[in-house]
Every structure is written in C-alpha cells, then in structure tokens.
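The following exercises concern a single protein chain and are to be worked with its sequence and coordinates at hand. Each task is followed by a solution in steps.

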Amino acid sequence: MPAARGVRLTTTDAPRRQAVLDRAQAEGRLPSVVGALSHAGELTWHGVAGDAGAVDAQYRIGSITKTLTAVLVLQCRDDGLLDLDDPLSRHLPGSGYGAATIRTLLGHASGMQAEPVGPWWERSPGVDLPALLAANDGSGQVLPAGVAFHYSNLAFALLGEVVSRCRGASWTDLVQDRLLTPLGMSRTGYQPTGEHAQGYSVGHFAGTLTREPHEDTGAMAPAGQLWSTLADLARWVDFLAVGHPEILSAATLTEMSEPAPFPEYGLGLRRLAAGGRLLIGHTGSMPGFQACAFVDRGTREGGIVLANATTGLRSDQIALDLLAGQDPYDGERWSPSYEVPERARELLGLWFWGNTAHELRWTNQQLELRTLQPAELSDRFVIEPDRIRGVEGYLLGETLQVRRAGDGSVDSWECATFRFTRTPYDA
C-alpha cells in the first residue's frame, strides 16, 4: 500500500515497523497482534504478527471507547446542553457522586474509586444503571477532588448516562448516529460483526490459552465496550487531529488535548509526550484484548495496535515504537502451547536456587528457566526420552535431574550441582 503524502514511509521503513510487532508478539506472548500507521485517516502501512491475526478483523478496544464518550460530552457542551463545571447531580440526580463536576470526571480528577463495586465488571455480565447507582453510593471516594490523577472507569460509565439524558437517546445510539456514521466507521460497534478476534489469556507457566468471555458490560459500556478495526481507528484518530464539521470542531479537540489538569490526561484523551512530539489518543484493555490508538495532531500521523491477549502488550510504548520503528527482529516467535508433556508440566512453576527465585516455563516445546531479578531468560531444556537436556545457556548439555518426595511428587530438581527447591534454602 503506498504511503500518503507527507508520511515519507519508504520500503526500508516497513521492516522496521514489522519488527515492532514481531518483538511485541514474542516478548509479550501474544496469540496475535496487528498494527498500522496512518496519515489523514488512511492506512499507510499495516502488519501482523502471530498465528491468528488479520488486519481487517475486529478487536475489542477497551478504554479507547472513553474517547468516544468524551466527544459526546463535549458535543453536549458545545450545543449548550451542559457546562463542564456542572455538578453531576444536575444531570444525574441520585448519584452518590453528585458533587463531582463533569470536568473532573473527564480528566480523572474527581477522586472517585477506579472500579465499580461488585465483581470484576469487565469479565462479568453487565448490570443496568439503577443497579450500578445503588451499588456506588459515594462511599468509595478515595481522594479529594482535584488533588491527584486517579483513573476511574466508573466515572465514564456515569458520563455515558449524562449524555444519554441530555440527548434523550441511548449511549449506544448516540455513538452510532453522531460518531460512527458520519465518519464511515462501519466496522466499529457495540458487539463484533463478521470476522473478529477471540480474546485469550495466556497461562503463565504452561503458555496455554484460555478463552476469555466477551461480556456485554451493560451500564459500564461507555467505559470500554466497543470493538473496532485498524482502518476504522485510523479514521477516528484523524478526527481527533482535525475535527469534523458534523461532530466536533478542531478548536474543541484542542481544548480536549490540553492537561485537565494533570499532564498525562486531557478531557477524555491520553497525552503521550516523547521524542519531541505529543501524541493524543488512548490505550485500552478488556479480558482477552489490549489496544492503543494515538495521533500526532500536527502531522496527522497515527499509530494503532490491537492484540488478543489479556496482558503482555506495553500499549502506550508500542505506539511510540511503531511511529519510530526498530531494528529488524531476528528472535524466535512465540506460539501457544496446546499440549504440555506431563514430564514438563510437573516441573512448571516457581523454584528457588538458595534465596534467588526462578521460574520454569514451557515455551515453544521447550522448558525455559528464567530469573526474576533481573527478569531474563537464563537456560532452555528439551524433553528427551531418557533425560531432560540443557540446550541453551550456562547449563547447555547438562541433565536436569528430578528429585521426588515419598508420594512421588516433585520436590526439587538439580542440574550441574545447582539445586532448585519450592521454598528458599529448603533443607
């Protein structure tokens, strides 16, 4: 795909962008990760790493959803339906956080708790608004308003209801009619449609995949419900750069991009300052997914990355890395484990050499011994019919000898006189 004017992406640049995804996939143990550069709303480069990725697939975007909710709030302000310094109680009577202002909710400066009361909302069936308000009566306030940046998913759920009441329509319909349709974002929505990624969590020691549920988050939806694609998010971040006559002006977006009041966050927009440039946008995560979408408002260059794993992606840093590029990655790619031999499985977990903690993982059909401080790979072993043999590191060629307790369970192992036990300095 040719680069748009002004981007200056050459054929030698493409491998440097792909290296970012390859390295992230391997180091983060991601089933798939897709990424793109954009200019003026169009993709100028895209790439995939991992076995299950597709550039056109929908991924869950988590808290990038907050940027859409914030734009709906500023639309209401510009249309005279609210003031940013209004207390929440003016628009949402009965809320336990009625004294908090719309502005402090947008900038995560209200001091309310990060998460709603109850089970982990991102991985549980959503509740309706009356249940959400009843469970969050204001007693969860953790800080006085305005004293510190304290991220709050609950705040954006409440903002979603504010815009719903201001407009007399559901948050879902407002997102569709006032944002997605004018921008032509036909592959963004409340639930996935067509090709989409399955979300996974990765077993820490075995490297196996667990399917994560794709819950309908109910009243918490304005904080993180949406699904999208690389191409649609390219259109969204370009809107954040220049505005749109049917949605919001560039002047209002500039206001949203300023510290409000803390430097890392504006009015619903994250701020990344690095390498002499300022990027605005957001990161996102939901069970089974991580995402980021940022843009340089001056150049209209965007960086977008989507992955289908619960953890493992440095969502803010990878946007900067993608825009800058990296040296080509020639390391090993990571693949999920679908079967783990019993001889390996019984060894997995935390071990101590003296007082020093290590972990044994099963990765790419080998046992990996990793130190925890500093966190790095030290040795690899393969399972052979008659022994477990070191194939990389200080213990290359050595045999890992398993020691068992009276009941047959593994209680320690030894290799080249280095003895590992489940507790420090086990006698």
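**Exercise 1. Backbone at two non-glycine residues**

T417 is found in the loop between strand 17 (410–415) and strand 18 (418–421). The model is a predicted one.

Task: Determine the sign of phi at T417, and decide whether T417 is buried or exposed. Then treat H108 likewise.

Solution.
1. Phi of T417 is positive, about 75°, although T417 is not a glycine.
2. The relative accessible area of T417 is 69%. Exposed means over 50%, so T417 is exposed.
3. H108 belongs to the loop between helix 4 (102–106) and helix 5 (129–135). Its phi is near 55°, again a positive value in a residue other than glycine.
4. The relative accessibility of H108 is 1%. Buried means under 20%, so H108 counts as buried.

**Exercise 2. Cis peptide bonds**

Task: State which peptide bond leading into P261 is cis and where P261 lies; do the corresponding for P374.

Solution.
1. The bond from A260 to P261 is cis, with omega near -5°. P261 is placed in the loop between helix 10 (250–257) and strand 7 (270–274).
2. The bond from Q373 to P374 is cis, with omega near -5°. P374 is placed in the loop between strand 13 and strand 14.

**Exercise 3. Helix 6 against helix 7**

Task: Classify the crossing of helix 6 and helix 7 from their axes, and list the residues in contact.

Solution.
1. The axes of helix 6 (residues 153–167) and helix 7 (residues 171–183) come within 9 Å and cross at roughly 75°.
2. Angles of 65 to 115 degrees count as roughly perpendicular, so helix 6 is roughly perpendicular to helix 7.
3. Helix 6 contributes G160, V163, S164 and R167 to the contact, while helix 7 contributes W171, L174 and R178.
4. By type, the residues of this contact are three nonpolar, two polar and two charged.

**Exercise 4. A proline in helix 7**

Task: Describe the surroundings of P182, which is found in helix 7.

Solution.
1. P182 has a relative accessible area of 21%. This value makes P182 partly exposed, because buried means under 20% and exposed over 50%.
2. Leaving out residues up to four places away in sequence, P182 touches Q176, D177, H244, E246 and I247.
3. For one of these, H244, the separation from P182 is 62 residues in sequence and 8.6 Å in space, C-alpha to C-alpha.

**Exercise 5. Helix 1 against helix 11**

Task: Classify the crossing of helix 1 and helix 11, and describe the residues that meet.

Solution.
1. The two axes, of helix 1 and helix 11, come within 7 Å and cross at roughly 150°.
2. Angles over 145 degrees count as roughly antiparallel; helix 1 and helix 11 are therefore roughly antiparallel to each other.
3. From helix 1, R16, R17, V20 and A24 meet I318, D321, L322, L323 and A324 from helix 11.
4. The contact of helix 1 with helix 11 comprises six nonpolar, no polar and three charged residues.
5. In helix 11 the buried residues are S315, I318, A319, L320, L322 and L323. Just after helix 11, G325 takes a positive phi of about 85°.

**Exercise 6. Two pockets**

Task: Which element gives the most to the lining of the largest pocket, and which to that of the second largest pocket?

Solution.
1. The largest pocket has a volume of about 480 Å³ and a lining of 25 residues, with A26, E27, R29, R361 and R370 nearest its centre.
2. Two or more lining residues of the largest pocket come from each of helix 1 (13–28), strand 4 (200–202), strand 12 (356–363), strand 13 (366–372) and strand 14 (375–383). Strand 14 gives the most, with four residues.
3. The lining of the largest pocket divides into seven nonpolar, nine polar and nine charged residues.
4. The second largest pocket holds about 230 Å³ of space. Its lining residues include V20, R23, A24, E27 and G28, together with I318 and D321.
5. Helix 1 and helix 11 (315–324) each supply at least two residues of the lining of the second largest pocket. Helix 1 gives the most, with five residues.
6. The lining of the second largest pocket divides into four nonpolar, four polar and four charged residues.

Note on methods
Residues are numbered from 1 along each chain as its sequence is written. This is a predicted model: local features need pLDDT of at least 70, side-chain atom pairs count only at pLDDT 80 or more; totals for chains, interfaces and linings use all residues. Side-chain values use heavy atoms; hydrogens and water are left out. On a 1 Å grid over the protein atoms alone, a cavity is a set of points where a 1.4 Å probe fits but cannot get out, and a pocket is an open set with protein on both sides within 12 Å along at least five of seven lines; lining residues have an atom within 4 Å of a point. Grid points are joined across faces, edges and corners, and a volume is the space filled by probe spheres set on the points. Ala, Val, Leu, Ile, Met, Phe, Trp, Tyr, Cys and Pro count as nonpolar, Asp, Glu, Lys and Arg as charged, and the others, Gly among them, as polar. Axes are lines fitted to C-alpha atoms, for helices over the stretch in contact, and angles run from 0 to 180 degrees between N-to-C directions. Angles under 35 degrees count as roughly parallel, over 145 as roughly antiparallel, 65 to 115 as roughly perpendicular and the rest as oblique. Contact means heavy atoms within 4.5 Å. Buried means under 20% relative accessible area, exposed over 50%, partly exposed in between (1.4 Å probe, protein chains only).
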